[in-house]
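Here is a structure to explore together. Please keep the sequence and the 3D view open side by side while you read.

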Amino acid sequence: MKTRITDLLGIDHPVLSAGMARVSQADLVVAVSNAGGMGCLGGVSFMPEALEAEIRDIKARCNKPYAVNLLLPDVLTSDEDSSWAPVRELWDRLSPADRTKLKGVEALLTQGAVKNQIDVVMEAVPPVIILTFATPKDFITQCHDKGIKVGALTGSIGGAQKAAEAGADFIIGQGTEGGGHTGHVGTMALIPGIVDAVSLPVLAAGGITDGRGLAAALSLGADGVWVGTRFIASDEAYGHEEFKQRVINGQSRDTVLTKSYTGKPLRAFRNDWTNAWEKRTDEIKGFPGQYAVAGPLVETGYQDGDLNEGMMPAGQGIQTVNKILPAGQIVTDMVSEAEAILQRLSR
Ligand SMILES: Cc1cc2nc3c(=O)[nH]c(=O)nc-3n(C[C@H](O)[C@H](O)[C@H](O)COP(=O)(O)O)c2cc1C
């Protein structure tokens, strides 16, 4: 299945696994890339030294293209002490036990850590970087100078246009169905809108879990798919067994769009924590300040499998995810199923 995205990225299949914080570590990236798709490392959840080690591990086990996800909004790259003061104040109030639980979000709560992540990634020169939340033009130019391709993840047509103007090589449009931080427009409406608005290759994301989703994405004018939730239920994904079981047993309406974990709209499993904060929305801090309130719950979810309070991002596509599979098989099944659908339709 050849598309503009397989040509641009030099991969066999137009299937990318999403750069999910914590969930997408080296094992998942290597499995997806070695199967002919492209794995993306959830770079944001690593402190700089750990990020360097993780990328080294990927390079040692895989000689195919891979990507690294970074979050570079001004608030995280700023040197202004004032923008970090609210975060530091909350951090100082955390108990030692809670601080040890902040492994996955420490880089987002530590002044200077994201800048150091950038240094590590620019030194490692991955084939592809995926930017979320912001697409700084200078950074994209630096990537291009090193031969790195840049994809931009966005939930809006305006975001796609901005990223195209800043020089991104391709766009990932994520509909509100998707797990993790997400916007308010559905995939079915968003993707054709982005395809009409920019001339770059587009990947569709949000609610895509199998070959039907891939075939539909291509029909909407996309050049491939970017898939998160389906890969949580893979052998190689990091995450507690309870989290994976919940993905394979859950229904679409078990997820909710909530600001209670990070301060930005995030689709995750509804639970006691998200329900309680629905009555306290005016107390929710901005991003990343709310992470300092809820940060320990990230590991309560991923590591401890606590369904009641732990953060477990997942998309509405859980409805059609019924089995934990090897990640490479998820890629190849998705492609062969889509090919069969497209052949049937063309008859
Ligand atoms: C557990 C989880 C963690 C995520 N973490 C990130 C992240 O760190 N950075 C990011 O850009 N997107 C993140 N996302 C969003 C994905 O990149 C992707 O856009 C989304 O999962 C696609 O929708 P789907 O879940 O329906 O496949 C995350 C999603 C999930 C489910």
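The paragraphs below start at the ligand, move to a helix and its surroundings, and end with some backbone details.

Before we set off, please keep in mind that this is a predicted model. Every distance and area that follows was computed from that model.

Let us begin with the ligand. The space that the ligand takes up is the largest cavity. Around the ligand there are 22 residues, and those that come nearest are Asn69, Thr132, Gln174, Gly207 and Thr229. If you prefer to think in secondary structure elements, strand β9 (224-227) and helix α13 each give at least two residues to the shell around the ligand. Now zoom in on the polar atoms. Asn69 uses its side chain: one of its polar side-chain atoms is 2.8 Å from a nitrogen atom of the ligand. Gly207 offers its backbone instead, with a polar backbone atom 2.7 Å from an oxygen atom of the ligand. Gly19 also takes part through its backbone, where a polar atom lies 3.3 Å from a ligand oxygen. How much of the ligand's accessible area does the protein cover? On its own the ligand has 610 Å² of accessible area, and the protein covers 96% of this.

From helix α13, you can step across to helix α14, which spans residues 241-249. Its buried residues are Phe243, Lys244, Arg246, Val247 and Ile248. What covers these buried residues of α14? The cover includes α13 (229-232), β11 (266-269) and α17 (296-302). Notice that α13 has turned up twice: it helps to cover α14, and it also supplies residues to the ligand's shell.

Follow the chain out of α14 and you will meet Gly250, in the loop between α14 and β10. Gly250 counts as buried because its relative accessible area is 8%, and the cut-off for buried is under 20%. Which residues does Gly250 touch, leaving aside its neighbours within four places in sequence? They are Ile318 and Gln319. Gln319 sits 69 residues away along the chain, yet its C-alpha atom is 6.2 Å from that of Gly250.

The next stop is strand β10, residues 255-258, which contains Thr258. Thr258 is buried, because its relative accessibility is 8%. Its side chain makes a polar contact of 2.7 Å with the side chain of Ser260. Apart from neighbours within four places in sequence, Thr258 is also in contact with Lys264, Pro265, Leu266 and Thr274. Its polar partner, Ser260, belongs to the loop between β10 and β11. Is Ser260 buried or exposed? Ser260 is buried, because its relative accessible area is 0%. With the same neighbours in sequence set aside, Ser260 is in contact with Trp273, Thr274, Trp277, Ile284, Gln290 and Ala294. Thr274 is therefore a contact of Thr258 as well as of Ser260.Now for the backbone. Most residues other than glycine have a negative phi, and most peptide bonds are trans. Against that background, three places deserve a look. The bond between Phe287 and Pro288 is a cis peptide bond, with omega at about 0 degrees. Pro288 is in the loop between α15 (272-277) and α16 (289-294). Arg22 has a positive phi, near 70 degrees, and is placed in the loop between β1 (15-17) and α2 (26-34). Arg22 is buried, because its relative accessible area is 5%. Val125 has a positive phi too, near 50 degrees, and is found in the loop between α8 (113-124) and β4 (128-132). Is Val125 buried or partly exposed? Val125 counts as partly exposed, because its relative accessible area is 33%.

Our last stop is helix α18, residues 327-346, where you will find Thr332. Thr332 is partly exposed, because its relative accessibility is 35%. Leaving aside neighbours within four places in sequence, Thr332 is in contact with His13 and Ala35. Thr332 and Ala35 are 297 residues apart in sequence, while their C-alpha atoms are 7.2 Å apart in space.

How values were computed:
Residues numbered from 1 in each chain as written. Predicted model: local features only at pLDDT ≥ 70, side-chain atom pairs only at ≥ 80, totals over all residues. Heavy atoms only, no water. Buried < 20%, exposed > 50% of the residue type's maximum accessible area, 1.4 Å probe, protein only. Helix = DSSP H or I, 4+ residues; strand = E, 2+ residues; numbered from the N terminus. Contact = heavy atoms within 4.5 Å. Near = heavy atom within 4 Å. Polar contact = N/O pair within 3.5 Å; in protein donor to acceptor, adjacent residues only side chain to side chain. Areas by Shrake-Rupley, 256 points an atom, 1.4 Å probe, with all protein chains shown as cover. 1 Å grid on protein atoms, 1.4 Å probe; cavity = no way out; pocket = protein on both sides within 12 Å on 5 of 7 lines; lining within 4 Å. Sits in = over half its atoms within 2 Å of the grid points.
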